[in-house]
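Biologist: I would like a close look at a single part of this model, namely one strand with its pairing partners, its side chains and its charged contacts. Please take it slowly and tie each detail to the surroundings of that strand.

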Amino acid sequence: MAQNPTYAMWNRLAGKPVGKQLFSAAMCLRVPYFRTVLPSVRELRPGRCEVTSPKWWGVYNHIKTFHAIAACNLAEIAMGMLAEATVPTTHRWLPKGMTVEYVAKAETSLRAVAELPELPEFGDEGFELPVPVTITDTNGKTVVAATITIWVTKKK
């Protein structure tokens, strides 16, 4: 089965020196809003994506912690890259909804992991696919728990 172009680019670049940085930069060129959190894709494969983001003044809120919506942006990056690596080229995906729990102050750089418990079957009927995303701080403490639901359909 053919790989999605995004996932194919990851596979070409990830093992090369500075390849992950080049991939992350290319991702931000394709989706410019992502660059607001300076994301770095660390791992990408069907069913799983890990992305990190540094704490810098561009993501600060009024108390100098990682802004809640910046954390949501990081969650969306992890989900989107997971979807790109998981959804076959015969199908397309669109975000449909997002639920978020802010469970602790985000006082450090963050790591978002989107991971599916199992890979779905991709048939002729459209379906909702909930993608869980956990965001942790540098101490491993969960600061945000999100579920982003995507709508997956066969391309016409």
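Modeller: A good place to start is Ser 53, which stands opposite Leu 110 in β4, and, in this predicted model, the neighbouring pair follows the pattern, with Thr 52 set opposite Arg 111 of β4. These two pairs belong to the contact between strand β2, residues 48-53, and strand β4, residues 110-115, which run antiparallel and are joined by 6 bridges. On its other side, β2 pairs with β1, again in the antiparallel sense, over 5 bridges, and here Cys 49 of β2 is the bridge partner of Leu 44. The hairpin of β1 and β2 has 2 residues between the strands, and within this hairpin Gly 47 takes a positive phi near 90 degrees. Strands of a sheet pair through backbone hydrogen bonds, in either a parallel or an antiparallel way.

Seen as a whole, the sheet is open and antiparallel, with 6 strands in the order β1-β2-β4-β5-β6-β3. Its edges are β1 and β3 (91-102), each of which pairs on one side only. Direction ignored, neighbouring strands of this sheet are turned against each other by 20 degrees on average. Helix α3, residues 68-86, packs on the sheet and touches β2 as well as β1, β3, β4, β5 and β6, while its direction makes about 150 degrees with that of β3.

How does this setting appear in the side chains of β2? Arg 48, Glu 50 and Thr 52 point one way from the strand, whereas Cys 49, Val 51 and Ser 53 point the other way, and all of them are buried. Because 6 of the 6 residues of β2 are buried, the strand is largely enclosed by the rest of the structure.

Charged residues nevertheless occur in β2, and their partners deserve attention, since side chains of opposite charge can pair when their charged atoms come close. Glu 50 forms a salt bridge with Arg 111, and the closest N and O atoms are 3.0 Å apart. Since Arg 111 lies in strand β4 and Glu 50 in strand β2, this pair ties together parts that are 61 residues apart in sequence. The two partners differ in their cover, for Glu 50 counts as buried at 13% relative accessibility, while Arg 111 is partly exposed, with a relative accessible area of 32%.

A further salt bridge joins the side chains of Arg 45 and Glu 43, at 3.0 Å from N to O. Arg 45 counts as partly exposed at 38% relative accessibility, and Glu 43 is likewise partly exposed, its relative accessible area being 22%. These pairs are not isolated from one another, as Glu 43, Arg 45, Arg 48, Glu 50, Arg 111 and Glu 115 are linked in a network of salt bridges.

The structure holds 7 salt bridges, and one that involves another part of the sheet is formed by Asp 124 and Lys 154, whose closest N and O atoms are 3.6 Å apart. Asp 124 lies in the loop between β4 and β5 and Lys 154 in strand β6, so the pair ties together parts that are 30 residues apart in sequence. Here Asp 124 counts as exposed at 61% relative accessibility, and Lys 154 as partly exposed at 39%.

Note on methods
Residues are numbered from 1 along each chain as its sequence is written. This is a predicted model: local features need pLDDT of at least 70, side-chain atom pairs count only at pLDDT 80 or more; totals for chains, interfaces and linings use all residues. Side-chain values use heavy atoms; hydrogens and water are left out. Two strands pair if DSSP finds at least two bridges between them. Helices (H or I, at least four residues) and strands (E, at least two) are DSSP runs, numbered from the N terminus. Axes are lines fitted to C-alpha atoms, for helices over the stretch in contact, and angles run from 0 to 180 degrees between N-to-C directions. Contact means heavy atoms within 4.5 Å. Buried means under 20% relative accessible area, exposed over 50%, partly exposed in between (1.4 Å probe, protein chains only). A salt bridge is a side-chain nitrogen of Lys or Arg within 4 Å of a carboxyl oxygen of Asp or Glu.
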